[in-house]
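Colleague: Please take me through the ligand sites in this entry. I would like the reasoning behind each label.

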Amino acid sequence: MNTKKRLLSGVKPTGRPHVGNYLGAMRQFVDLAKSHESFVFIADYHALNTIHDASQMRQNTIDLILDYLAIGLDPKEVVLFKQSDLAEHTELCWIFNTFTTMPYLMRAHAYKDAQAKNKEINVGTFDYPMLMSADILLYEPDIVPVGADQKQHVEYARDTAEKFNTLFGDTFKLPEPHIPKEIAIIPGVDGQKMSKSYNNTIPLFADDDVIRKATMSIVTDSLGVEDPKDPEKCNIFALHKHFSKDTLSEIEKRYREGNIGYKESKERLADNIVKFVTPMRELRSELSKEKGLIEKVLGEGREKAHTVASAKMQEVKKKIGVI
Ligand code: ADP
Ligand code: TRP
């Protein structure tokens with residue numbers, strides 16, 4: 001029997017990952033996989049809320065698996081699978097829908113944001129927290145590593161587990177989000193949260209010149225080279241914390257002394273990001289040439305995930321009285 005604690009998390013295949021996705025979510029999967037029995041999946045049915053183009057969906061999915069493998073997830077240790085390969089996710093989502101109220105879903109940040117922007121929201125997006133609850137609860141994870149923006153969704157999963165347990169008897173374990181404080185929100189080049197939707201990202205697997213250009217565009221105040229600067233207020237320094245660990249105290253000292261300009265700070269950061277990314281990028285390029293790799297990884301992942309998900313689903317169906 002496996003005595004390790006269980007981890008589950010997913011990422012939507014909605015575009016190339018950026019430094020914020022990597023530090024906030026993906027890297028944690030690799031670090032935690034050593035001590036946890038891990039399930040990591042591609043949330044393609046969540047992505048379908050915004051991607052209605054089959055070739056783009058296929059390509060994004062392939063890209064994301066390669067990304068996972070390139071950052072160091074080992075498919076022998078981690079169950080890597082695709083949400084749409086397991087009908088149990090949408091099936092359980094439906095069951096949750098039947099006792100979830102509309103006002104409760106209307107409190108979701110994602111829904112409120114869309115409404116504030118006067119967006120015509122689709123039913124899938126409205127129901128996003130229930131599909132995510134199903135994703136999580138089927139596997140009974142102890143922890144769900146995500147960025148701070150996903151905390152509310154994990155709380156929805158906890159609430160939903162409690163509601164189901166009250167209605168039908170003890171069935172689901174309550175999951176915990178896992179959000180290390182120092183990486184809760186990685187700022188983008190404009191200082192807002194780095195996000196694909198804000199056009200402010202430093203892409204993770206991009207070519208050197210793209211990484212450099214994005215880094216050089218980080219917004220700062222207008223203090224000159226010799227002005228003392230507070231590193232904690234600087235968007236460049238926020239990234240040095242992750243990519244320049246060896247020289248962080250020296251950089252911090254020079255900030256405070258007024259002995260470094262933003263241009264030099266950005267150049268050093270860009271060098272360090274490029275240095276960090278290069279081996280992963282090379283591995284990714286090698287993996288992308290391996291014929292049949294993606295199908296093999298996903299096929300094996302599907303089988304292992306199915307063992308867990310189908311057993312839970314049988315239990316749920318008995319509890320609700322359909323079998
Ligand atoms: P995006 O906002 O770019 O669309 P996603 O919503 O696809 O990113 O997020 C994928 C994962 O990466 C989630 O777990 C999310 O919490 C994490 N994440 C995204 N952006 C950041 C960020 N700027 N800082 C920390 N974590 C992040
Ligand atoms: N909502 C998550 C995101 O935007 C992706 C996701 C879907 C997920 N289902 C999940 C994350 C289950 C953790 C657990 O990044």
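Modeller: A nitrogen atom of ligand 1 is 3.2 Å from an N or O atom in the side chain of Lys193. Bear in mind that the model is predicted.

Colleague: What makes the pair between ligand 1 and the side chain of Lys193 a polar contact?

Modeller: The cut-off for a pair of N or O atoms is 3.5 Å. The Lys193 pair is at 3.2 Å, so it counts as a polar contact. An oxygen atom of ligand 1 lies 2.7 Å from an N or O atom in the His18 side chain, so that pair counts too. With Met194 the partner is a polar backbone atom, 2.9 Å from a nitrogen atom of ligand 1.

Colleague: How much of ligand 1 does the protein bury?

Modeller: On its own ligand 1 exposes 540 Å², and the protein buries 93% of that.

Colleague: Which residues are the closest to ligand 1?

Modeller: They are His18, Gly147, Asp149, Ser195 and Lys196, out of 17 residues that surround ligand 1. A residue belongs to that group because one of its heavy atoms lies within 4 Å of the ligand. By class, the shell has seven nonpolar, seven polar and three charged residues.

Colleague: Why is Gly147 counted as polar in that shell?

Modeller: Gly is among the residues classed as polar, so Gly147, one of the closest to ligand 1, is counted there.

Colleague: Where does ligand 1 sit?

Modeller: Ligand 1 sits in the largest pocket. The label requires more than half of a molecule's atoms to lie within 2 Å of the grid points, so ligand 1 passes that test. Ligand 2 also sits in the largest pocket.

Colleague: Which side chains make polar contacts with ligand 2, and how do you know that they qualify?

Modeller: A nitrogen atom of ligand 2 is 2.6 Å from an N or O atom in the side chain of Tyr128. For the Asp135 side chain the distance from a ligand nitrogen is 2.7 Å, and for the Gln150 side chain 2.8 Å. These values are within 3.5 Å, so the pairs are polar contacts. The protein covers 92% of the 360 Å² that ligand 2 has accessible on its own.

Colleague: What gives the most to the shell around ligand 2?

Modeller: Helix 8 does, with four residues. Helix 8 spans 128–137, and strand 1 (5–11) likewise supplies at least two residues. In total 14 residues surround ligand 2, Lys12 and Met132 being among the closest. The shell divides into eight nonpolar, four polar and two charged residues.

Definitions and conventions: Residues are numbered from 1 along each chain as its sequence is written. Chains are lettered from A and ligands numbered from 1 in the order in which they are written. This is a predicted model: local features need pLDDT of at least 70, side-chain atom pairs count only at pLDDT 80 or more; totals for chains, interfaces and linings use all residues. Side-chain values use heavy atoms; hydrogens and water are left out. A polar contact is a pair of N or O atoms within 3.5 Å; within protein, one must be able to donate a hydrogen and the other to accept it, and residues adjacent in sequence count only if both atoms are side-chain atoms. Accessible areas come from the Shrake-Rupley method with a 1.4 Å probe; for residues, only the protein chains shown count as cover. On a 1 Å grid over the protein atoms alone, a cavity is a set of points where a 1.4 Å probe fits but cannot get out, and a pocket is an open set with protein on both sides within 12 Å along at least five of seven lines; lining residues have an atom within 4 Å of a point.
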